[in-house]
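Welcome, and please take a moment to look over the model below. We will walk through it together, one step at a time.

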Amino acid sequence: MHVRGVRPGRSRDLLDMFGLCLSGLCLVHCIALPLVLIVLPAMAIFGHGAHHHGLHLALALVLVPIAFAALLPGYWRHRRAAVLAGGALGVTAILLGALQEAQFGETAATALTITGSVCLIYAHSINLMAGRTS
């Protein structure tokens, strides 16, 4: 069914753009927060760790379904392996960082989350470009 004024595939583009934005925000959070902690050490005193862990879990619960909803239909349409690989690596890294932070430590969890965010940004970008050319 075609909705007047909305071209076919537009909702997939919106999901990819939303995924790009969320992954970008996650990346900015992971890079900026350590810098903020250097400048404002009082934040560490007020329970930064528990809040940070909860935020990783919340972001993972939002990012993962969006990644699947946007990347899988795009991959099925254009068959670009980079989309599937980037999405799988990104989702895996973000979930590991969010769910295993206590085991790996905060630094490793942050590195995993940054890596996952970059992978998802890459996958969503390729998916958007491939969707527009196919």
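Asp16 sits in helix H1. Keep in mind as we go that this is a predicted model. Is Asp16 buried or exposed? With a relative accessible area of 2%, Asp16 falls under the 20% cut-off, so Asp16 counts as buried. Leaving aside residues up to four places away in sequence, Asp16 touches Ala70, Leu71, His124, Asn127 and Leu128. Distant parts of the chain come together here: Asp16 and Ile121 are 105 residues apart along the chain, and their C-alpha atoms are separated by 9.1 Å.

One of the residues that Asp16 touches is His124, so let us turn there next. His124 belongs to helix H6 and is buried, at 1% relative accessible area. Which residues does His124 touch, if those up to four places away in sequence are not counted? They are Leu15, Asp16, Gly19, Leu20, Ser23, Ile66, Ala67, Ala70 and Leu71.

Now step back to the whole protein chain. How many helices and strands does the chain have? There are six helices and zero strands, and from the N terminus on the order reads α-α-α-α-α-α. The protein chain has 134 residues, and 37% of them count as buried. If you take the contacts between residues at least 6 apart in sequence, 77% of these join residues at least 24 apart.

With that overview in mind, find helix H1 again, which spans residues 10–39. Further along H1 is Cys30, and Cys30 is buried too, with a relative accessible area of 2%. Its contacts, again without residues up to four places away in sequence, are His56, Thr110, Thr113 and Ile114. Cys30 and Thr107 lie 77 residues apart along the chain, while 10.0 Å separates their C-alpha atoms.

Back in helix H6, look for Ser117. Ser117 is buried, and its relative accessible area is 0%. Beyond residues up to four places away in sequence, Ser117 touches Ser23, Cys26, Leu27 and Ile94.

Ile94 also takes part in the next feature, the contact of H4 with H6. Helix H4 covers residues 81–99 and helix H6 covers residues 106–133. Their axes are 7 Å apart, and the two helices pack at an angle of about 155°. Why are they described as roughly antiparallel? Angles over 145 degrees count as roughly antiparallel, and H4 and H6 therefore fit that description. The way H4 passes H6 is a left-handed crossing.

You can trace this contact from both sides. On the H4 side are Ala82, Val83, Gly86, Gly87, Leu89, Gly90, Val91, Ala93, Ile94, Leu96 and Gly97. In H6 they meet Ala109, Leu112, Thr113, Gly116, Ser117, Cys119, Leu120, Tyr122, Ala123, Ile126 and Asn127. Sorted by type, the residues of this contact are 14 nonpolar, eight polar and no charged.

One of the H4 residues here, Leu96, deserves a closer look. Leu96 is partly exposed, with a relative accessible area of 36%. From C-alpha to C-alpha, Leu96 and Thr113 are 8.1 Å apart in space, and they are 17 residues apart in sequence. Leu96 touches Glu101, Phe104 and Leu112, when residues up to four places away in sequence are not counted.

Next, look for the largest nonpolar core, which has 16 residues. Which of them touch the most other members? They are Leu63, Ala67, Leu71, Val91, Ile94 and Leu120. H1, helix H3 (48–78), H4 and H6 each give two or more residues to this core, and the largest share, seven residues, comes from H3. Take Ala67 as an example: apart from residues up to four places away in sequence, Ala67 touches Leu72, Val91, Leu120 and His124. With His124 we are back at a residue met earlier, one that touches Asp16 as well.

Our last stop is the loop between H3 and H4, where you will find Arg79. Is Arg79 buried or exposed? Arg79 has 54% relative accessibility and so counts as exposed. The backbone is worth a glance too, since phi of Arg79 is near 60°, a positive value in a residue other than glycine. Most residues other than glycine have a negative phi.

How values were computed. Residues are numbered from 1 along each chain as its sequence is written. This is a predicted model: local features need pLDDT of at least 70, side-chain atom pairs count only at pLDDT 80 or more; totals for chains, interfaces and linings use all residues. Side-chain values use heavy atoms; hydrogens and water are left out. Axes are lines fitted to C-alpha atoms, for helices over the stretch in contact, and angles run from 0 to 180 degrees between N-to-C directions. Helices (H or I, at least four residues) and strands (E, at least two) are DSSP runs, numbered from the N terminus. Angles under 35 degrees count as roughly parallel, over 145 as roughly antiparallel, 65 to 115 as roughly perpendicular and the rest as oblique. A crossing is left-handed if the near helix is turned anticlockwise from the far one by less than a right angle, and right-handed if clockwise. Contact means heavy atoms within 4.5 Å. Ala, Val, Leu, Ile, Met, Phe, Trp, Tyr, Cys and Pro count as nonpolar, Asp, Glu, Lys and Arg as charged, and the others, Gly among them, as polar. Buried means under 20% relative accessible area, exposed over 50%, partly exposed in between (1.4 Å probe, protein chains only). A nonpolar core is a set of buried Ala, Val, Leu, Ile, Met, Phe, Trp, Tyr and Cys residues joined through side-chain atoms within 4.5 Å.
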